[in-house]
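User: Hi! Could you walk me through this structure?
Analyst: Happy to. Here it is.
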Number of protein chains: 2
Amino acid sequence: MTFRIHVRVMPRRGLLDPQGQAVEGALKALKFPDATNVHVGRAIEFDLVAADQSAAATAARAMCAKLLANPVTEDYEIEVEPK
Amino acid sequence: MTFRIHVRVMPRRGLLDPQGQAVEGALKALKFPDATNVHVGRAIEFDLVAADQSAAATAARAMCAKLLANPVTEDYEIEVEPK
């Protein structure tokens, strides 16, 4: 069965996020002062063939641990969507 | 009212996505051959003060159009979550 996996990798809370700060400053300069606490990370999507939804989630977690996220500085969330 | 906005900015379908291709190749090298059609984009999150959910979505769309996404090469999705 094929699943569409959406992974969101964000800087770990409490660590410096210079890209988020830059975007927050730019939004303020563009007259969007109501946006605060801005964080910027990576969005990764892929198709994955797996036996079922839980096998797909397990494989996606392994990919995050090995390649997609930095386990020291980043957190990730995985969404598994049947395709 | 404060909302948490999640924006996912992805390369437009059909355009070259070299970062996605690189990740797909790396996943194959790491023995994850079942991941295909890999795309890499940006995930942006922020708090937004707005009157209601629809005002928050409208403001977030304006931010995407003006700063967060490149309207020529990227597509975006917005999720508005009450905080």
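Analyst: One term before we start: a residue counts as buried when its relative accessible area is under 20%. Also, keep in mind that this is a predicted model.
User: Okay, so what share of chain A counts as buried?
Analyst: Of the 83 residues in chain A, 42% are buried.
User: And which helices and strands does chain A have, and in what order?
Analyst: Chain A has 2 helices and 3 strands. Starting at the N terminus, their order is β-α-β-α-β.
User: How does the radius of gyration of chain A sit next to that of a compact globule?
Analyst: Chain A has 16 Å, whereas a compact globule of 83 residues would be near 12 Å. Along the principal axes, the C-alpha trace of chain A spans about 50 × 25 × 15 Å.
User: What about contacts inside chain A?
Analyst: Take the contacts between residues at least 6 apart in sequence: 72% of them join residues at least 24 apart.
User: New topic: how many residues does each chain bring to the contact between chain A and chain B?
Analyst: Chain A brings 34 residues and chain B brings 34 residues. The buried area between them is about 2800 Å², with 61% of that from carbon and sulfur atoms.
User: Which three residues of chain B supply the most of the area it buries against chain A?
Analyst: Those are B:F32, B:A43 and B:E45, which supply 19% of what chain B buries there.
User: Last one: where do the charges of chain A sit on average?
Analyst: Chain A has 10 positive and 11 negative charges, and the mean positions of the two sets are 3 Å apart.

Terms used
Residues numbered from 1 in each chain as written. Chains lettered and ligands numbered in written order. Predicted model: local features only at pLDDT ≥ 70, side-chain atom pairs only at ≥ 80, totals over all residues. Heavy atoms only, no water. Helix = DSSP H or I, 4+ residues; strand = E, 2+ residues; numbered from the N terminus. Rg over C-alpha atoms; globule rule 2.2 N^0.38 Å. Buried < 20%, exposed > 50% of the residue type's maximum accessible area, 1.4 Å probe, protein only. Contact = heavy atoms within 4.5 Å. Lys, Arg positive; Asp, Glu negative; His and termini not counted. Charge placed at Lys NZ, Arg CZ, Asp CG, Glu CD. Buried area = accessible area lost by both parts, 1.4 Å probe.
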